[in-house]
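Let's take a friendly walk through a protein model together. Keep the structure open beside the text and find each spot as we come to it.

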Amino acid sequence: MPEGDTVWRLAQRLHNALAGSPLTRCDLRVPRLATVDLTGRGVLEVVPRGKHLLTRFEGGLTLHSHLRMDGAWKIYAPAERWRGGPAHQIRAILGTAEHTAVGYRLPVLDLLRTADEARVVGHLGPDLLGPDWDPAEALRRLLSAPDRPLGEALLDQRNLAGIGNVYKSELCFLLRASPWLPLGQLPTPERVPALARKLLEANRQRPARTTTPWGYRPRPSEGSGGARPDRRLWVYGRAGRPCLRCGTKVRTADQDPTAEERVTYWCPTCQPAPPPDRPVG
């Protein structure tokens with residue numbers, strides 16, 4: 001699932017492509033919106049809210065979308081061939097004279113009054129990349145359930161909005177804390193909001209996410225543009241490989257047995273007990 005930095009970049013691309021122009025084409029291919037036509041309305045802005053996208057139009061309307069695991073927005077020039085997937089996967093088409101934004105496999109697509117946006121994003125905690133970022137409020141929300149495992153608390157968008165599985169694993173590693181440590185037992189919980197904000201801020205303009213100090217250093221043969229894909233992240237995606245800090249084999253386990261696609265990566269040496277109930281790798 002795209003995380004806050006990825007959604008922030010997507011919002012910027014959509015905004016640059018659509019904002020300031022009226023729609024010349026609108027096709028919303030979900031049953032409840034099939035008769036909606038926004039053609040002629042100007043696009044005011046596209047803004048991110050955590051992992052959510054809000055496209056605001058003249059007349060006080062907002063198109064709310066969420067990518068979840070498989071969704072995508074693609075932007076095309078007028079004569080460009082659409083390559084985001086087969087036609088039956090298209091859920092939204094927003095076109096201006098210069099660009100067309102096509103939403104593929106969007107599991108969430110709602111049209112609502114801009115004044116009612118709180119109905120779909122009001123439950124979210126402070127946005128790590130938003131103008132309303134409030135570290136004190138984020139910490140308050142995190143500590144409201146001190147017995148909750150750190151990893152689960154980080155994934156809960158009601159605490160702070162924008163963290164997904166990658167940043168969850170990387171934050172726990174940088175905090176030197178087990179993802180299953182009760183949050184109230186973390187020695188310095190006030191570091192969590194600040195560190196989370198720092199990581200997402202550092203990556204929102206990067207084409208390839210990195211959390212290590214050397215992940216973007218070039219190899220000698222690659223010149224200034226090269227990167228080190230195998231050293232960009234501390235633990236995420238490194239199952240069975242040596243920890244970049246201590247050399248211990250990185251392990252994986254389900255963070256929450258009831259949630260899909262939430263495998264956690266951690267180093268059992270750098271991030272000591274408590275361990276998970278059911279390690280898987």
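## A walk through the model

The side chain of D110 makes a polar contact with the side chain of R32, at 3.1 Å. Keep in mind that this is a predicted model, so every spot on our walk is part of a prediction. To find D110, look in strand β8, which covers residues 108-113. Which residues does D110 touch, once those up to four places away in sequence are set aside? They are R32, L33, T62, L63, H64 and V120. R32 thus turns up twice, as a polar partner and in the list of touching residues.

Just ahead of β8 there is a loop that joins it to β7 (100-104), and R105 sits in that loop. R105 has a positive phi of about 55°, although it is not a glycine. Is R105 buried or partly exposed? Its relative accessibility is 27%, so it counts as partly exposed.

Now move to another loop, the one between β1 (25-28) and β2 (43-49), where you will find L38. With a relative accessibility of 2%, L38 counts as buried, because buried means under 20%. Setting aside neighbours within four places in sequence, L38 is in contact with L23, C26, F57, L61 and L111. Take L23 from that list: it is 15 residues from L38 in sequence, and their C-alpha atoms are 6.9 Å apart in space.

Next come the helices. Helix α1 has 15 residues, and the distance from its first C-alpha to its last is 21 Å, close to the 21 Å expected at 1.5 Å a residue. Its buried residues are G4, D5, V7, W8, R9, L10, A11, L14, A17 and L18. Just after α1, G20 takes a positive phi of about 90°.

Helix α6, residues 191-203, lets us try the length check again. How far apart should its ends be? The expected span is 1.5 Å times one less than the number of residues, so the 13 residues of α6 should span 18 Å. Its end C-alpha atoms are 18 Å apart, which agrees.

Look along α6 for its buried residues: V192, P193, L195, A196, L199, L200 and N203. A general point helps when reading such a list. An α-helix has 3.6 residues a turn, so residues three or four places apart point the same way. What covers the buried residues of α6? The cover includes α1 (4-18), α3 (135-143), α4 (150-155) and α5 (165-174).

Let's look at one of these partners, α5. Two packed helices are described by the angle between their axes and the distance between the axes. For α5 and α6, the axes come within 11 Å and cross at roughly 125°. That makes α5 oblique to α6. The crossing of α5 past α6 is right-handed. Where the two helices meet, α5 brings Y167, L171 and L174, while α6 brings R191, L195, A196, L199, L200 and N203. Among these, L195, A196, L199, L200 and N203 also belong to the buried residues of α6.

Between α5 and α6 runs a loop that holds R176. Its phi is near 55°, a positive value in a residue other than glycine. Leaving out residues up to four places away in sequence, R176 touches R245, C270, Q271 and P272. R41, in contrast, is 51 Å from R176 in space, C-alpha to C-alpha, with their positions 135 residues apart in sequence.

C270, one of the residues touched by R176, leads us to T248. The C-alpha atoms of T248 and C270 are separated by 8.5 Å, and the two residues are 22 apart along the chain. T248 lies in the loop between α6 and β9 (251-254). At 22% relative accessibility, T248 counts as partly exposed, because the buried class takes in values under 20%. Apart from neighbours within four places in sequence, T248 is in contact with R241, P242, C243, C267, P268 and T269. With T269 there is also a polar contact, side chain to side chain, at 2.8 Å.

Our last stop is P274, in the segment after β10 (263-266). Look at the peptide bond from A273 to P274: it is cis, with omega near 5°.

Notes: Residues are numbered from 1 along each chain as its sequence is written. This is a predicted model: local features need pLDDT of at least 70, side-chain atom pairs count only at pLDDT 80 or more; totals for chains, interfaces and linings use all residues. Side-chain values use heavy atoms; hydrogens and water are left out. Helices (H or I, at least four residues) and strands (E, at least two) are DSSP runs, numbered from the N terminus. Buried means under 20% relative accessible area, exposed over 50%, partly exposed in between (1.4 Å probe, protein chains only). Contact means heavy atoms within 4.5 Å. A polar contact is a pair of N or O atoms within 3.5 Å; within protein, one must be able to donate a hydrogen and the other to accept it, and residues adjacent in sequence count only if both atoms are side-chain atoms. Axes are lines fitted to C-alpha atoms, for helices over the stretch in contact, and angles run from 0 to 180 degrees between N-to-C directions. Angles under 35 degrees count as roughly parallel, over 145 as roughly antiparallel, 65 to 115 as roughly perpendicular and the rest as oblique. A crossing is left-handed if the near helix is turned anticlockwise from the far one by less than a right angle, and right-handed if clockwise.
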